[in-house]
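Me: Could you walk me through the ligand site and the sheet, and tell me what backs up each label?

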Amino acid sequence: MQGRLWEVEGELNLQDASIVIHRQYFSPLIASAYLKRLKSVSWKQEELIVFGKKHLEPRETAWYGDKEASYTYSGLTHKPKPWIPVLDEIRNDVTAIARASFNSVLANRYRDGQDGVAWHADDEFELGENPVIGSVSFGQTRRFQLRHKYEPRAVVSLDLHHGDLMVMSGGTQKFWEHQIPKIKQSITERINLTFRNINHG
Ligand SMILES: O=C(O)CCC(=O)C(=O)O
């Protein structure tokens with residue numbers, strides 16, 4: 001069910017979750033410069049096996065981080081590529097506001113409206129209990145949706161714009177799922193970076 005569209009700035013008032021949105025945390029000028037530099041990311045469209053059948057993920061991704069920050073999700077183990085300057089610079093900015101440290105980043109590139117990410121929570125074991133995740137968006141505005149895992153309710157929808165920063169923490173991943181739905185309209189690319197801390201050893 002489609003709920004109303006939340007145009008929130010600041011803290012989202014959601015049960016069992018802690019989500020803060022910083023609209024235009026990066027000014028349009030700075031965000032556009034980052035968007036350009038993010039072309040240097042080693043983008044790859046990964047293959048997934050779902051019910052024994054191979055599928056290409058409907059987006060391009062890349063995993064960067066400290067050497068030991070390997071991460072398994074959707075059945076794939078990702079060894080991080082070493083940090084590149086643009087990702088490290090953005091990490092510094094996000095660290096300052098999230099007041100958390102991040103040793104890795106999952107980069108997502110949605111090439112057009114036919115790219116998206118299905119309902120999931122970032123609740124993998126390596127992220128630990130109640131992870132802090134800093135999510136930055138560049139390029140095309142896309143709709144980000146949330147739904148509670150255990151209480152069937154309307155979907156919460158909000159638009160994430162060029163330069164927005166969203167910090168998810170507390171029970172967000174334990175109690176909620178999120179997605180970027182595909183859309184029919186013809187749109188250009190969006191890049192999202194989710195900074196994470198992988199616990200190892
Ligand atoms: O693109 C987004 O805003 C969401 C990305 C996402 O769901 C993820 O990296 O787990």
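Reply: Here are the ground rules, then the ligand, then the strands. This is a predicted model, where local features need pLDDT of at least 70, side-chain atom pairs count only at pLDDT 80 or more, and totals for chains, interfaces and linings use all residues. Residues are numbered from 1 along each chain as its sequence is written, and side-chain values use heavy atoms, with hydrogens and water left out.

Me: What makes a residue count as around the ligand, and which come nearest?

Reply: One of its heavy atoms has to lie within 4 Å of the ligand. There are 13 such residues, and Tyr110, His120, Asp122, His178 and Arg190 come nearest.

Me: Why is the Asp122 pair called a polar contact?

Reply: The term needs a pair of N or O atoms within 3.5 Å (within protein, one must be able to donate a hydrogen and the other to accept it, and residues adjacent in sequence count only if both atoms are side-chain atoms). A polar side-chain atom of Asp122 is 3.0 Å from a ligand oxygen, so the pair qualifies. Arg196 has a polar side-chain atom 3.1 Å from a ligand oxygen, and for a side-chain N or O atom of Asn192 the distance is 3.3 Å.

Me: How much of the ligand is buried?

Reply: The protein buries 96% of the 290 Å² that the ligand exposes when taken alone. Those areas come from the Shrake-Rupley method with a 1.4 Å probe; for residues, only the protein chains shown count as cover.

Me: What makes S2 and S6 edge strands?

Reply: Strands are DSSP runs (E, at least two residues), numbered from the N terminus, and two of them pair if DSSP finds at least two bridges between them. Strand S2 (10-11) and strand S6 (60-65) each pair on one side only, so they are the edges. The open sheet runs S2-S3-S14-S11-S16-S9-S6, with antiparallel pairing.

Conventions: Helix = DSSP H or I, 4+ residues; strand = E, 2+ residues; numbered from the N terminus.
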